[in-house]
Amino acid sequence: QVQVVESGGGSVQAGGSLRLSCAASESITGSGCMGWFRQAPGKEREGVAALYTDDGRTTYADSVKGRFTISQDNAKNTVYLQMNSLKPEDTAMYYCAAVRRVPYVGVCWSRAKENNYWGQGTQVTVSS
């Protein structure tokens, strides 16, 4: 499994922005993906955004489309999650996962959940 370390969380007011970072311990280029997830208290972990490292294709949860952007820096084995127009309902612990050997971005979240291997997470709190 590829180890990841998340950072960049914090507390902001509604409408604010944060950028999360996820640094992987090794490159996962070559049919790999990296995904962001979040889990609020009492709720299941849900996929937020994912990126296929080979071609840069991305996918987003409907709740964050148009507000969040996932991007990669292959030289640093890092993906970012730019979060704009934050809402109180975005409050959650955010986790990252790196998955090897996936056929396309659409299965990144399910494969990450199957692996069940996560970083320590970074807390995002949005106040109204």
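This report walks through the sheets, cores, cavity and a few backbone oddities of a predicted model.

## The six-stranded sheet

Let's start with the bigger strand count. Six strands make up an open sheet with mixed pairing, and they line up as β2-β10-β9-β4-β5-β6. At the edges sit β2 (10-13) and β6 (58-60), each of which pairs on one side only. Ignoring direction, neighbouring strands in this sheet are turned by 20° against each other on average.

Now for how some of those neighbours connect. β4 and β9 run antiparallel and are joined by seven bridges, with C33 having V99 in β9 as its bridge partner. On to the next pair: three bridges hold β9 and β10 together in the antiparallel sense, and A92 finds its bridge partner in β10 at V124. Over towards the β6 edge, β5 and β6 are antiparallel too, joined by three bridges. A50 is bridged there to T59 of β6.

How buried is β9? Seven of its eight residues are buried, so the rest of the structure largely encloses this strand.

## The four-stranded sheet

The other sheet to look at is also open, but its pairing is antiparallel, with four strands in the order β1-β3-β8-β7. Here β1 (4-7) and β7 are the edge strands, each pairing on one side only. Neighbouring strands are turned by 15° against each other on average, again with direction ignored.

β8 is a good strand to follow through this sheet. It is mostly covered, with five of its six residues buried. On one side, six bridges tie β8 to the antiparallel β3. Two residue pairs help you find that contact: A23 has T78 in β8 as its bridge partner, and S21 stands opposite Y80 in β8. Six bridges also join β8 to β7, once more antiparallel, and there Q72 faces V79 of β8. The hairpin made by β7 and β8 has four residues between its strands, and N77 takes a positive phi near 50° in that hairpin.

## Nonpolar cores

What does the largest nonpolar core contain? It has 29 residues, and the ones touching the most other members are M34, W36, V48, F68, L81, M83 and Y94. Quite a few strands chip in: β3 (18-24), β4 (33-39), β5 (46-52), β7, β8, β9 (92-99) and β10 (122-127) each supply at least two residues of this core.

There is also a second core, separate from that one, with 13 residues. Its members include C33, V107, A112 and W118. C33 should ring a bell, as it is the residue bridged to V99 in β9.

## The cavity

Rolling a probe the size of a water molecule over the atoms shows where empty space is left. With a cut-off of 30 Å³ or more, the count is one cavity. The largest cavity holds about 80 Å³ of space.

Which residues lie nearest the centre of the largest cavity? They are I28, M34, T53, N74 and N77, out of 13 lining residues. Two elements give two or more residues to this lining, namely β7 (68-73) and β8 (78-83). By class, the lining comes out as four nonpolar, seven polar and two charged residues.

A couple of these names have come up already. M34 is one of the residues with the most contacts to other members of the largest nonpolar core, and it also lies among those nearest the cavity centre. N77, another of the residues nearest that centre, is the one with the positive phi in the β7 and β8 hairpin.

## Positive phi in the loops

Two loop residues deserve a quick look if you're scanning backbone torsions. S85 is found in the loop between β8 and β9. Its phi is near 50°, a positive value in a residue other than glycine. Is S85 buried, partly exposed or exposed? With a relative accessible area of 41%, S85 is partly exposed, because that class covers values between 20% and 50%.

R101 is the other one, placed in the loop between β9 and α1 (108-115). Its phi is positive as well, at about 55°, although R101 is not a glycine. R101 has 64% relative accessibility and therefore counts as exposed, the cut-off being over 50%.

How values were computed. Residues are numbered from 1 along each chain as its sequence is written. This is a predicted model: local features need pLDDT of at least 70, side-chain atom pairs count only at pLDDT 80 or more; totals for chains, interfaces and linings use all residues. Side-chain values use heavy atoms; hydrogens and water are left out. On a 1 Å grid over the protein atoms alone, a cavity is a set of points where a 1.4 Å probe fits but cannot get out, and a pocket is an open set with protein on both sides within 12 Å along at least five of seven lines; lining residues have an atom within 4 Å of a point. Grid points are joined across faces, edges and corners, and a volume is the space filled by probe spheres set on the points. Ala, Val, Leu, Ile, Met, Phe, Trp, Tyr, Cys and Pro count as nonpolar, Asp, Glu, Lys and Arg as charged, and the others, Gly among them, as polar. A nonpolar core is a set of buried Ala, Val, Leu, Ile, Met, Phe, Trp, Tyr and Cys residues joined through side-chain atoms within 4.5 Å. Buried means under 20% relative accessible area, exposed over 50%, partly exposed in between (1.4 Å probe, protein chains only). Two strands pair if DSSP finds at least two bridges between them. Axes are lines fitted to C-alpha atoms, for helices over the stretch in contact, and angles run from 0 to 180 degrees between N-to-C directions.
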